[in-house]
Amino acid sequence: MLIAQLSDVHVGGTRYHAELLRTAIAEVNDANPDLVVVAGDLTDDGYPDQYALAIQELGPIACDQVVYVPGNHDARNVGYVRFEQTFGSRDSQLRLSHGDLETELVAVDSSKPDVNEGEIGREHYGWIAEGFSEPADLRVFVCHHHLMPVPGTGRERNQVLDAGDVLALLRHCEVDLVLSGHRHVPWVWPVAGMLLVHSGTVSTMRTRGFPDPAYNLIRVDAEQIAVELRVPGGRSQSLGAYPHRWPVGLSGRQADPFLEVQHGPWLAND
Ligand SMILES: [Fe+2]
Ligand SMILES: [Fe+2]
């Protein structure tokens, strides 16, 4: 199974370059992925004309399964409403069958209006746990903001405010992959049985420690998960190949002293 991970498109921004996005989409279409995840910051300020241009520019993605979540930039100027009008629900769940690989995906809006900080929010925890409750060979969680600090991004800021609780929840749910963006630096953190995979910015020159625009191709089979960084129109490099199943003792899943997931009512779109 092949997943293409793009983020931080920033349509309408001063350092946005449409040709980078077009090149990346052409390369992604050539790779013929089973799933494309666009992990937020599709627009630069959430304005109506930026959303109209964003869906036009992202429209050529040829994959049948494309998952979008908003980023902090998309939520500006009441852009979260326009996100839903343009790309659909800010939170979504998806089940995919690929050969004998059953995949469960849960995508959550981690943005809050007009602030750069991220938060998943307690009201989502039950919904996330239910989304991962069925048997699956691969569990994928998507949100824009980072759950762990990413190197090469300067002073730490805007991390998910409830990152500790969310990491414990995702480990409890036996999530394999967490796909995020936001920091504009491609990176992989293997943490507690999960791979936290960040894409860089696909179509801007708002780069930081990693100097080029970038997106990721993630190949999953029964044995391993391999992450490849791609520079649109340029080089590629491996971000590592990791075991699909971690040794039980390394995940630490059984050592959790207190997590209790609340399965009560929830507000999926709060
Ligand atoms: Fe961004
Ligand atoms: Fe962001």
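Two residues are said here to be in contact when heavy atoms of theirs lie within 4.5 Å. With that in mind, the tour of this predicted model can begin at a helix.

**First stop: Ser251.** Select helix H6, which covers residues 248-251, and find Ser251 in it. Beyond its neighbours within four places in sequence, Ser251 is in contact with Arg171, Ala192 and Gly193. Its relative accessible area is 3%, and because buried means under 20%, Ser251 counts as buried. If you show the side chain of Ser251, you will find one of its polar atoms 3.1 Å from the backbone oxygen of Val248, while the backbone nitrogen of Arg253 lies 3.2 Å from a polar atom of that side chain. Add His172 to the selection as well: between the C-alpha atoms of Ser251 and His172 the distance is 9.8 Å, although 79 residues separate them in sequence.

**Second stop: the iron ions.** Select ligand 2, an iron ion, and display the residues that coordinate it, namely Asp41 through OD, Asn72 through OD1, His144 through NE2 and His182 through ND1, at 2.1 to 2.2 Å. The angles subtended by the 4 donor atoms around this iron ion run from 89 to 161°, which makes the arrangement irregular. Now add ligand 1, the iron ion that lies 3.4 Å from ligand 2, and note that Asp41 coordinates both. Along the chain, the donors of ligand 2 follow the spacing D-x30-N-x71-H-x37-H. Asn72 belongs to the loop between strand E3 (66-68) and helix H3 (79-87), whereas His144 belongs to the loop between strand E6 (138-142) and helix H5 (163-172), so that the pair, 72 residues apart, links distant parts of the chain. Both Asn72 and His144 are buried.

**Third stop: the sheet.** Turn next to the open sheet, in which 6 strands follow the order E3-E2-E1-E10-E11-E12 with mixed pairing. At its edges are E3 and strand E12 (236-243), each of which pairs on one side only, and the twist from one strand to the next averages 20°. Zoom in on strand E11 (residues 224-230), which runs antiparallel to E12 and is joined to it by 6 bridges; Ile225 has Tyr242 in E12 as its bridge partner.

**Last stop: Val185.** Finally, select Val185 in the loop between strand E7 (177-180) and strand E8 (187-191). Val185 is buried, with a relative accessible area of 4%. Apart from neighbours within four places in sequence, the residues in contact with Val185 include Val150, Pro151, His198, Arg208 and Phe210.

Terms used. Residues are numbered from 1 along each chain as its sequence is written. Chains are lettered from A and ligands numbered from 1 in the order in which they are written. This is a predicted model: local features need pLDDT of at least 70, side-chain atom pairs count only at pLDDT 80 or more; totals for chains, interfaces and linings use all residues. Side-chain values use heavy atoms; hydrogens and water are left out. Donors are N, O and S atoms within 2.8 Å of the metal (3.2 Å for Na, K and Ca); water is not among the atoms, so sites may look incomplete. Four donors count as tetrahedral if all angles lie between 85 and 135 degrees; four count as square planar and six as octahedral if opposite donors are over 155 degrees apart and all others between 65 and 115; anything else is irregular. Helices (H or I, at least four residues) and strands (E, at least two) are DSSP runs, numbered from the N terminus. Buried means under 20% relative accessible area, exposed over 50%, partly exposed in between (1.4 Å probe, protein chains only). Two strands pair if DSSP finds at least two bridges between them. Axes are lines fitted to C-alpha atoms, for helices over the stretch in contact, and angles run from 0 to 180 degrees between N-to-C directions. A polar contact is a pair of N or O atoms within 3.5 Å; within protein, one must be able to donate a hydrogen and the other to accept it, and residues adjacent in sequence count only if both atoms are side-chain atoms.
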